[in-house]
Amino acid sequence: MLNLFITSPLDQFEIRVLMGFTSPLLDFSSLNFTTFSLYTIIVLFTVLGLNLLTTNNNKIIGSKWFVSQEAIYDTILNMVKGQIGGKLWGYYFPLVYTFFFFIFVSNLISMIPYSFALSAHLIFIVSLSSVIWLGATIIGLTKHGLVFFSLFVPGGTPLPLVPLLVLIELLSYFARAISLGLRLSSNVLSGHLLLIILGGLLFNLMSMSIITFVFGLIPGVGLLAIVVLEFAISVIQAYVWSILTSSYLKDVLYLH
Amino acid sequence: MPQLVPFYFLNQLVYGFALVTILLVLFAQYFLPQILRLYVSRLFISKL
Amino acid sequence: MSLAKSAANKLDWAKVISSLKLTGKTATQLSSFKKRNDEARRQLLELQSQPTSVDFSHYRSVLKNTEVVDKIEQFYKSYKPVSVDVSKQLSTIEAFESQAIENAAETEKLVAQELKDLKETLNNIESARPFDQLTVDELTKARPEIDAKVEEMVKKGRWDVPGYKEKFGDLTIM
């Protein structure tokens with residue numbers, strides 16, 4: 001039987017208040033316990049569990065679970081060292097590691113059917129990327145003073161081209177604030193929409209009769225491939241976010 | 001899009017940034033030094 | 001001087017050699033020194049036993065040329081044994097001795113410390129457990145410098161351990 005009403009594929013991103021706080025004097029709606037809050041706590045407990053329960057009781061030889069932690073540590077370490085380099089990279093390693101782990105875990109949790117995608121929430125993710133951008137800019141200004149603006153003039157530019165190039169560079173620099181977050185959010189958002197639309201279509205097709213059920217197995221394989229692709233995107237987007245954060249930090253720390 | 005309901009903006013930001021801050025403190029203070037300590041110990045014991 | 005002499009007479013060489021348990025170069029040096037000491041003592045005894053008075057009247061009655069005898073007698077009477085002032089050398093020797101004793105005490109302290117360390121290491125080895133049962137906490141309890149090093153590395157932002165990758169491999173994925 002077909003659904004009599006069509007549910008929007010965007011319903012999966014809807015936030016609901018699970019536990020509200022009201023007060024006649026102050027507005028506590030920002031502290032409401034919502035779906036979003038629930039998933040932040042799930043992410044927190046997943047991270048805690050991954051780090052506390054896999055240590056093999058603190059033995060020198062780690063457990064098999066701990067290999068994943070070591071692999072992530074080595075990967076992010078290599079990436080930050082390669083991207084930022086110099087003497088200062090170590091101070092930013094925990095920051096980049098935190099972003100990677102947070103996006104990695106929240107993306108993978110969102111791949112569980114009927115769950116909720118934290119990183120598809122544009123407002124939060126774009127705010128996060130803007131904060132990173134703002135922090136990087138402040139680091140650059142305090143570290144280099146006015147010399148920081150030499151970042152907008154690439155080396156070896158002919159003098160007549162300088163105003164134009166500065167304009168373009170400035171624009172691209174400001175665009176970073178939005179583009180970093182938008183890249184992640186839109187990837188996750190489009191992936192989840194694609195999955196739910198294709199999955200809904202396939203469900204309707206396969207639930208019609210036995211023949212369509214057997215026939216529907218063929219696009220089912222394609223859907224499975226898309227699910228695998230979405231898992232890959234989840235991981236790759238976390239990696240891309242970290243690598244871009246490191247490269248922005250490198251720009252403001254060493255100015256090209 | 002349901003993500004763009006202004007009523008939840010502040011709510012998202014409060015919980016989201018709280019989570020990121022807590023994670024940053026946890027990683028920088030406890031989990032990453034623990035992994036580093038494990039690495040140093042392994043290297044130390046292999047040199048004995 | 002008499003003090004030095006009495007000390008030299010009192011010295012029991014056999015006891016010195018046996019109690020110090022010296023070997024090799026030092027022992028041969030000591031025995032050669034003892035030989036020199038014995039020789040000197042023997043010569044001293046010999047000289048002491050010889051008569052020192054000369055009967056000049058006898059020579060004068062025997063020899064015709066009494067002038068020579070007179071001369072010799074005069075020379076003999078004017079001769080006085082040269083007394084050597086050895087107090088300075090003795091004080092140097094004393095200073096050297098105190099220095100040597102100090103050095104020896106220091107060496108003894110060092111040796112004792114080393115022995116203690118060795119004993120501790122032996123204890124560690126005896127109480128050591130198989131590799132795969134050892135925890136990081138136990139290791140850092142035995143060697144607190146690991147924790148200090150980690151704290152220093154974290155403070156300085158050095159998150160990679162030099163030499164780790166070469167020994168245990170790199171788990172970098174991308």
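# How the words fit the values

Trainee: What makes C:E152 and C:K156 partners in a salt bridge?

Mentor: The closest N and O atoms of C:E152 and C:K156 are 3.0 Å apart, and a salt bridge is a side-chain nitrogen of Lys or Arg within 4 Å of a carboxyl oxygen of Asp or Glu, so this pair meets the rule. This is a predicted model, in which local features need pLDDT of at least 70 and side-chain atom pairs count only at pLDDT 80 or more, while totals for chains, interfaces and linings use all residues. Residues are numbered from 1 along each chain as its sequence is written, chains are lettered from A and ligands numbered from 1 in the order in which they are written, and side-chain values use heavy atoms, with hydrogens and water left out.

Trainee: Why are C:E152 and C:K156 called partly exposed?

Mentor: Buried means under 20% relative accessible area, exposed means over 50%, and partly exposed lies in between (1.4 Å probe, protein chains only). C:E152 has a value of 39% and C:K156 one of 41%, so each of them receives the middle label.

Trainee: How do you know that C:R42 and C:E46 are joined by a salt bridge, and where do they lie?

Mentor: Their side chains meet at 2.9 Å, N to O. Both residues lie in helix 3 (residues 24–49) of chain C, 4 residues apart, which is about one turn of the helix; helices (H or I, at least four residues) and strands (E, at least two) are DSSP runs, numbered from the N terminus. C:R42 has a relative accessible area of 41%, so it is partly exposed, and C:E46, at 42%, counts as partly exposed too.

Trainee: What makes C:K165 and C:D170 a salt bridge, and how many are there over all chains?

Mentor: The closest N and O atoms of C:K165 and C:D170 are 3.9 Å apart, so the pair is still within the limit of the rule. C:K165 is partly exposed at 29%, and C:D170 is partly exposed at 38%. In chain A, salt bridges that share partners join A:R176, A:K250 and A:D251 into one network. The count over all chains comes to 11 salt bridges.

Trainee: What makes B:K47, C:K149, C:R158 and C:K167 a patch of positive charge?

Mentor: Patches are made of residues with over 30% relative accessible area and no salt bridge, with like charges joined within 9 Å and nonpolar side chains (Val, Leu, Ile, Met, Phe, Trp, Tyr) within 5 Å. Lys and Arg count as positive and Asp and Glu as negative, while His and the chain ends are not counted, and the place of a charge is taken as NZ of Lys, CZ of Arg, CG of Asp or CD of Glu. Accessible areas come from the Shrake-Rupley method with a 1.4 Å probe, and for residues only the protein chains shown count as cover. C:R158 has a relative accessible area of 41%, so it passes the area condition. C:R158 lies in the loop between helix 8 (145–155) and helix 9 (164–168) of chain C.

Trainee: Which residue can show the area rule in the nonpolar patch?

Mentor: One of its members is A:F28, whose relative accessible area is 32%, so the condition of over 30% is met. A:F28 is found in the loop between strand 1 and strand 2 (33–34) of chain A. The patch also includes A:L18, A:M19, B:L10 and B:V14, and its residues have about 1,000 Å² of accessible area together. Strand 1 (17–19) and helix 1 (35–52) of chain A, together with helix 1 (9–46) of chain B, each supply at least two of its residues.

Trainee: What is unusual about phi in A:N56 and A:N57?

Mentor: Most residues other than glycine have a negative phi. A:N56 has a phi near 55 degrees, and A:N57 has a positive phi of about 55 degrees. A:N56 and A:N57 lie in the loop between helix 1 and helix 2 (66–83) of chain A. A:N56 is partly exposed at 27%, whereas A:N57, at 63%, is exposed.

Trainee: Where does UniProt place the "transmembrane region" of chain B, and what is its helix content?

Mentor: UniProt places the feature at residues 13–32 of chain B, although such annotations may be inferred rather than shown by experiment, and positions are given in the numbering used here with feature names shortened. In the model this span is 100% helix and 0% strand, with its end C-alpha atoms 26 Å apart.
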